[in-house]
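I opened this model to look up how its strands are arranged, what packs against them, and where the nonpolar residues gather. My entries follow in the order in which I looked.

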Amino acid sequence: MENCLFCKIASGTIESEMVYSDEHLFAIKDINPQAPTHLLIIPKKHFATLMDIEDSDQKLMGSVCTVAKSLAKKNDLEVSGFRLVVNCGSGAGQSVFHIHFHLLGGRPMKWPPG
Ligand code: 5GP
Ligand code: ZN
């Protein structure tokens, strides 16, 4: 996708420090962190929103959870806890239309979220 920020980061057109990368996923630090740990776990394949995934993407989406687990461990969030959040659509606060999963931790979290 030509004008997609996360596709450009995935392809290296825009430089960004990756805290994780494999064949299908990468993770970066959020530019505007909302918690002491705020990472974005991002599929390299472009999906505008969660509504664009298909049954054939189940394995990829499952691997987001195992990467989140390993990044949570790496950031010492196992005991204190963390959130894995997807904003789907502008009404839910999505601002970058390439699917991504926020991993937030390192401070107390309230429920319901704002
Ligand atoms: P959304 O609002 O779509 O759920 O989340 C998009 C996130 O991307 C926001 O938390 C925002 O701070 C982050 N973000 C936007 N532009 C950039 C950027 O250029 N680099 C990084 N690392 N994060 C970004
Ligand atoms: Zn994209």
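I began with the hairpin: E1 and E2 form one, with three residues between them. I take helices (H or I, at least four residues) and strands (E, at least two) as DSSP runs, numbered from the N terminus. The model is predicted, and I kept to its rules: local features need pLDDT of at least 70, side-chain atom pairs count only at pLDDT 80 or more, and totals for chains, interfaces and linings use all residues. Residues are numbered from 1 along each chain as its sequence is written, chains are lettered from A and ligands numbered from 1 in the order in which they are written, and side-chain values use heavy atoms, with hydrogens and water left out.

**Sheet.** I found E1 (residues 18–21) and E2 (residues 25–29) running antiparallel and joined by three bridges; two strands count as paired if DSSP finds at least two bridges between them. I looked up two bridge partners in E2, which are Ile 28 for Met 18 and Ala 27 for Tyr 20. Following the pairing further, I noted an open sheet of five strands in the order E1-E2-E3-E5-E4, with antiparallel pairing. E1 and E4 (82–85) stand at its edges with a single partner strand each, so one side of each is left without a neighbour in the sheet. From one strand to the next the twist averages 20 degrees.

**Helix on the sheet.** I then checked H2 (residues 58–74), which packs on the sheet and touches E1, E2, E3 (37–43), E4 and E5 (101–105); contact means heavy atoms within 4.5 Å. The direction of H2 makes about 155 degrees with that of E3, where axes are lines fitted to C-alpha atoms, for helices over the stretch in contact, and angles run from 0 to 180 degrees between N-to-C directions.

**Cores.** Which residues have the most contacts inside the largest nonpolar core? I read off Ile 41, Met 61, Leu 71 and Phe 101, in a core of 14 residues. A nonpolar core is a set of buried Ala, Val, Leu, Ile, Met, Phe, Trp, Tyr and Cys residues joined through side-chain atoms within 4.5 Å, and buried means under 20% relative accessible area, exposed over 50%, partly exposed in between (1.4 Å probe, protein chains only). E2, E3, H2 and E5 each give two or more residues to this core, and H2 gives the most, with six.
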